[in-house]
Amino acid sequence: MKYLKIACCLVVMAFVFTSCTNDEPVNVESAAQESTSITKSLNALSSKLNSDGTLNSTENPANNIIFDFCFDFVYPLELSYNTGAVVTVNDFNELIDVIISSTEELYIDGISFPFDVEVYNEETGTIEVQTINNEEEFVALLEGCDFDVVDPCECTDDYDPVCVEIEDIDGTTFVITYPNACVAECDGFTEDDFVENCEDDSNCDVNGCFTLDFPLDIITDEGETITINSQEEFDIAVYSMNSFNFVYPISVTMENGDTATINNEEELSALLEDCFGDLGNCNDCGVDGPEVCVEVTNPNEEPFTITFPNACIAECEGFTSDDFVDCN
């Protein structure tokens with residue numbers, strides 16, 4: 001069974017990727033053609049990033065490139081610079097390297113056709129592969145993305161997660177977790193799309209229950225085994241994946257400082273159930289106020305506020321009255 005890749009707390013994440021790609025630009029014979037669309041695409045993707053290559057958490061609420069950006073490239077890609085130099089990009093990490101290293105004097109202005117992208121089909125509710133054969137088809141793809149349209153959605157930062165189940169290309173399903181219903185609806189989903197037991201589908205650390213110990217290995221949705229050396233590498237790796245498998249055993253550090261070894265998916269599920277399963281006992285909280293707020297800090301050390309309908313629900317999420325702050 002593939003382990004579900006979700007958004008939840010990991011949506012407020014930081015990851016820096018400063019290494020160079022394995023394929024530095026070289027002047028070689030290439031099929032790359034000049035394309036205004038690839039320049040526009042990389043500029044739009046750049047708006048999702050901070051200047052150092054970390055993801056801008058407010059621009060990536062779903063923690064999934066297809067839903068936060070519009071589509072995902074299928075790698076490898078052959079791109080060309082305005083100087084005629086060519087670079088082969090093998091994954092999303094290397095694409096970020098290309099983006100943050102571009103300057104006004106050196107930038108990508110070409111791509112080799114055909115290439116494939118992964119897109120979400122709203123009618124079928126599935127992710128599909130679409131082949132882009134030429135610049136005209138690339139233009140049509142971007143027109144469907146509405147990069148030039150100002151987003152009319154204005155959602156609060158309230159954390160009241162909702163989950164949507166998506167079918168992957170190979171027929172398996174995975175879960176996208178949005179911070180609240182408003183953000184999910186801005187992506188085109190409705191209440192009918194939301195699945196129950198949203199917290200149970202998450203491996204996030206809302207309650208500070210545990211953290212992953214590194215290094216660890218994961219198996220990507222393409223069957224490749226890669227070693228992850230830090231939380232930052234983990235975040236960027238799973239951002240462009242729909243699902244993944246851990247290579248067991250893995251080690252986690254509990255909130256009390258104890259280390260635990262997880263030998264299989266059943267033990268991981270049991271751990272998640274211990275962390276989040278007791279939330280079902282809070283059904284008697286109701287939704288009546290007064291609201292209470294807590295302030296938490298993301299990995300970028302940027303504080304943000306989570307608003308709960310009342311203290312009961314906040315305490316069920318693991319907070320205490322000592323954590324409450326002025327909601328105003």
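1. A nonpolar core, as the term is used here, is a set of buried Ala, Val, Leu, Ile, Met, Phe, Trp, Tyr and Cys residues joined through side-chain atoms within 4.5 Å. The model is predicted. Its largest nonpolar core has 48 residues. Within that core, F71, F73, L79, L95, F115, F138 and Y178 touch the most other members. Helix α3 supplies the largest share, five residues. A second core is separate and holds 19 residues, including L212, A237, F244 and F246.

2. Overall make-up. The protein chain carries eight helices and 20 strands. It runs to 328 residues, and 43% of them count as buried. Take the contacts in the chain with a separation of 6 or more: residues 24 or more positions apart account for 62% of them.

3. The four-stranded sheet. This sheet is open, with the order β2-β6-β4-β5 and antiparallel pairing. At its edges lie β2 (32–34) and β5 (86–89), each pairing on one side only. From one strand to the next, the twist averages 35°. Strand β4 (residues 77–81) and β5 are joined antiparallel over four bridges. In that pair, L79 has V87 of β5 as its bridge partner. L79 also appears among the core residues listed in point 1. Helix α3 packs on the sheet and touches β4, β5 and β6 (108–112). The direction of α3 makes about 145° with that of β5.

4. Helix α1 against helix α3. How are two packed helices described? By the angle between their axes and the distance between the axes. Here α1 (residues 36–46) and α3 (residues 92–101) pack at about 95°, with axes 11 Å apart. So α1 is roughly perpendicular to α3. L42, L45 and S46 are the α1 residues in this contact, and they meet F92, L95 and I99 of α3. By class, the contact has five nonpolar residues, one polar and no charged ones. L95 is also one of the core residues that touch the most other members.

5. The β9-β10 hairpin. Strand β9 (residues 162–167) and strand β10 (residues 173–178) run antiparallel and are joined by six bridges. They form a hairpin with five residues between the strands. G171 sits in the turn and has a positive phi of about 95°. C163 stands opposite T177 in β10. β9 also pairs antiparallel with strand β11 (residues 194–195), over two bridges. There C163 stands opposite V195. C163 therefore has a partner in β10 and another in β11, where pairing of two strands takes at least two bridges.

6. Y178. Which residues does Y178 touch, leaving aside its neighbours within four places in sequence? The contacts are P61, A62, F67, P161, V162, V164, V183, A184, D187 and F189. Y178 lies in β10, which spans residues 173–178. It is also among the residues of the largest core that touch the most other members.

7. The three-stranded sheet. The order is β12-β16-β17, the sheet is open, and the pairing is antiparallel. The edge strands, β12 (210–212) and β17 (259–262), each pair on one side only. The twist averages 35° from one strand to the next. β12 pairs with β16 (residues 250–254) over three bridges, in the antiparallel sense. One bridge partner is easy to check: T211 is matched by T253 in β16.

8. Helix α6. This helix covers residues 231–239. Its buried residues are F234, D235, I236, A237, V238 and Y239. They pack against α2 (65–68), α3, β12, β14 (225–228) and β15 (243–246). A237 is also a member of the second core, which includes L212, F244 and F246 as well.

9. T220. Is T220 buried or exposed? T220 has 11% relative accessibility, so it counts as buried; the cut-off is under 20%. T220 is in the loop between β13 (216–219) and β14. Neighbours within four places in sequence aside, T220 is in contact with I226, M241 and S243.

Key:
Residues numbered from 1 in each chain as written. Predicted model: local features only at pLDDT ≥ 70, side-chain atom pairs only at ≥ 80, totals over all residues. Heavy atoms only, no water. Axes fitted to C-alpha atoms, helices over the stretch in contact; angles between N-to-C directions. Parallel < 35°, antiparallel > 145°, perpendicular 65-115°, else oblique. Contact = heavy atoms within 4.5 Å. Nonpolar A, V, L, I, M, F, W, Y, C, P; charged D, E, K, R; others polar. Buried < 20%, exposed > 50% of the residue type's maximum accessible area, 1.4 Å probe, protein only.
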